[in-house]
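Me: I'm new to this one and would like a close look at a single part, a helix and what sits around it. Could you walk me through it slowly and explain the terms as you go?

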Amino acid sequence: MTKPILQEPILGDGAIRREGLYGSSVENTYAGVLSFMRRKYTRELAGADVVISGVPLDLAVTFRSGARLGPAAIRAASVQLAELKPYPWGFDPFEDLAVIDYGDCWFDAHNPMTITPSIVEHARTILASGAKMLTLGGDHYITYPLLKAHAEKYGKLSLIHFDAHCDTWADDSPDSLNHGTMFYKAIKDGIIDPHTSVQIGIRTWNDDFMGMNILDAAWVHANGPQQTLERILQIVGQRPTYLTFDIDCLDPAFAPGTGTPVPAGLSSAQALHIIRGMGPANLVGMDVVEVSPAYDQSEITALAAAHIAADLLCVLRNQKLAAA
């Protein structure tokens, strides 16, 4: 692969001053336009490998609201990650991976029945360009319309789902907005295959897990992150796979800023070990959801989410180079 030509270093506000899609800017971490990791803010999709966008929705929550502010909080927490080469990777992913920040999906929050089709159309537009999506939530319901758009492009999907909750509780209303039932709907709709999908970190009960492979939090603690990673990769194989990370997969000690926290979850170290090993998976789409800044402490939840998203970008950079 021919290495992209990088422009001269930009001193400040690369999010709006960068002309090309590659390379990083020199920024004061405490100042400037807060795109994710200082990527260029643009709606021009040509040439982009990955499109980051936010979906600031929290109308589907069953407990504490506030995740509509999650995309902004994750962007703000990402400033440190744009300052140095990510650890432990030791490279600037943006020298090889063309990433833009597309801004946020617009929908009419006061007309709820239009929200799902608005998110689907948002995703269709991006996916039609050939780019992959890394989406910042927002409550976890947003994954359902995102899965709809991805399944239109890639066919039935496998799912890698990090969460405290299985989100497969029964819900046969086609118009309901509920962040605990969307994978029930996705399975019923034939969008995801439960037998080649895996849920990690689960620690809430459901009488019917709908055939999903469950590596609950106790299993992860007992077997460790490396064995967890190996089992995940075994389950999904090389099938087109969507990865969704609900930040409440982490224990509240590591992610208090979320709507439905549950004790005894994964640590940040466990989760990042697993995420960093996702290179062999055929990742076609990703999201990080349920950051609710009003309940956060010193931005540690947003920081964890930003690290997860940044590590996913590093995984995609390595996949791009390996494919080339």
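Reply: Let's start with the buried residues of α8, which are Q270, A271, L272, I274 and I275. Here buried means under 20% relative accessible area, exposed means over 50%, and partly exposed is in between, with a 1.4 Å probe and protein chains only. Names like α8 come from DSSP runs: helices are H or I with at least four residues, strands are E with at least two, and both are numbered from the N terminus. Keep in mind that this is a predicted model, where local features need pLDDT of at least 70 and side-chain atom pairs count only at pLDDT 80 or more, while totals for chains, interfaces and linings use all residues. Residues are numbered from 1 along each chain as its sequence is written, and side-chain values use heavy atoms, with hydrogens and water left out.

So what do those residues sit against? The buried residues of α8 pack against β5 (158-162), α6 (217-223), α7, β8 (241-246) and α9. Contact, by the way, means heavy atoms within 4.5 Å.

Take α7 as a partner. Two packed helices are described by the angle between their axes and the distance between the axes. The axes of α7 (residues 225-236) and α8 (residues 268-276) come within 9 Å and cross at roughly 40°. From α7, the contact uses P225, Q226, T228, L229 and I232, and α8 brings Q270, H273 and I274. Sorted by class, that makes four nonpolar, four polar and no charged residues. The classes go like this: Ala, Val, Leu, Ile, Met, Phe, Trp, Tyr, Cys and Pro are nonpolar, Asp, Glu, Lys and Arg are charged, and the others, Gly among them, are polar. An axis is a line fitted to C-alpha atoms, for helices over the stretch in contact, and angles run from 0 to 180 degrees between N-to-C directions. The crossing of α7 and α8 is right-handed: the near helix is turned clockwise from the far one by less than a right angle, whereas anticlockwise would be left-handed.

Another partner is α9, where you'll find Q319. Q319 is buried, at 17% relative accessible area. Apart from neighbours within four places in sequence, Q319 touches K132, M278, G279 and A281.

That brings us to the second largest pocket, which has 17 lining residues, with K132, L283, L316, Q319 and K320 nearest its centre. On a 1 Å grid over the protein atoms alone, a pocket is an open set of points with protein on both sides within 12 Å along at least five of seven lines, and lining residues have an atom within 4 Å of a point. Helix α9 (residues 300-323) gives the largest share of this lining, four residues. The lining of the second largest pocket has nine nonpolar, five polar and three charged residues.

Just before α9, E299 lies in the loop between β9 (283-289) and α9. E299 has a positive phi of about 65° although it isn't a glycine, and E299 is partly exposed, at 48% relative accessible area.

Last, follow β5, one of the partners of α8, into the loop between β5 and α5 (182-188), where D167 lies. D167 has a positive phi of about 60°, again without being a glycine, and at 3% relative accessibility D167 counts as buried.

Methods:
On a 1 Å grid over the protein atoms alone, a cavity is a set of points where a 1.4 Å probe fits but cannot get out, and a pocket is an open set with protein on both sides within 12 Å along at least five of seven lines; lining residues have an atom within 4 Å of a point.
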